[in-house]
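Here is a short report for a first look at this structure. Keep the model in view while reading.

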Amino acid sequence: MNILRRLGDLLRADLHGLLDSIEDKELLLENCLKQMRSSLDREAQELERLARNLSRVRNEADRLRTMDAPELLRRTQLENHEALRALCEHRQHLMQRHIQDYERLQMLCRERGYAVRLAPPLPEFSPFAWDFTSPRDLPKSQGEN
């Protein structure tokens, strides 16, 4: 058994040596260079994207520096208000889907005769139950009427 294993190792080593001598060294170098070039191209594209983002951020920072504090506060509050409203609407949509799925599952259980007792769906959610400032209640900037 040991002799057969050693013989197999020798044959594998000879095959590997034969394959190494057959391989075209120039082709291997060309493939390596091709991979390096494509990697450099990807890095250059990423660098260009980062430079564009940096330029955009600098422009935004310059714009924000020129704004007065009340206007900046008002815009921030307005953006936060809109984000909160969008989140509430999305949550409402998810809650409605949850209730529909619950009702479908309940109906399937009844149709198939399963004696499964499901927990009731979460209570109805109203995003407007929260007390948050509406955009019209935010202070106006000096330039607006």
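The text below covers salt bridges, a surface patch and cysteines.

This is a predicted model.

**Salt bridges**

The structure holds 6 salt bridges. The table lists three, including where each pair sits.

| Pair | N to O distance | Place and spacing |
|---|---|---|
| Glutamate 46 and arginine 49 | 2.5 Å | helix 2 (residues 25-66), 3 residues apart |
| Glutamate 71 and arginine 75 | 2.5 Å | helix 3 (residues 69-111), 4 residues apart |
| Aspartate 101 and arginine 104 | 2.8 Å | helix 3, 3 residues apart |

Glutamate 46 and arginine 49 are about one turn of helix 2 apart. Glutamate 46 is partly exposed, at 32% relative accessibility. Arginine 49 is partly exposed too, at 35%.

In helix 3, about one turn separates glutamate 71 from arginine 75. Glutamate 71 counts as buried because its relative accessibility is 7%, and buried means under 20%. Its partner, arginine 75, is partly exposed at 36%.

Aspartate 101 and arginine 104 also lie about one turn apart in helix 3. Aspartate 101 is partly exposed, with 39% relative accessibility. Arginine 104 is partly exposed, with 46%.

**A nonpolar patch**

Leu4, Leu7, Leu10 and Leu11 form a nonpolar patch on the surface. Together they have about 420 Å² of accessible area. Leucine 4 belongs to helix 1 (residues 2-22). Leucine 4 counts as exposed because its relative accessible area is 57%, and exposed means over 50%.

**Cysteines**

How many disulfides does a search of the whole structure find? It finds 0. Cysteine 32 is partly exposed, at 38% relative accessibility. Cysteine 88 is buried, with a relative accessible area of 3%.

How values were computed. Residues numbered from 1 in each chain as written. Predicted model: local features only at pLDDT ≥ 70, side-chain atom pairs only at ≥ 80, totals over all residues. Heavy atoms only, no water. Disulfide = S-S within 2.5 Å. Buried < 20%, exposed > 50% of the residue type's maximum accessible area, 1.4 Å probe, protein only. Patch = residues over 30% accessible without salt bridge, like charges linked within 9 Å, V, L, I, M, F, W, Y side chains within 5 Å. Areas by Shrake-Rupley, 256 points an atom, 1.4 Å probe, with all protein chains shown as cover. Salt bridge = Lys/Arg side-chain N within 4 Å of Asp/Glu carboxyl O.
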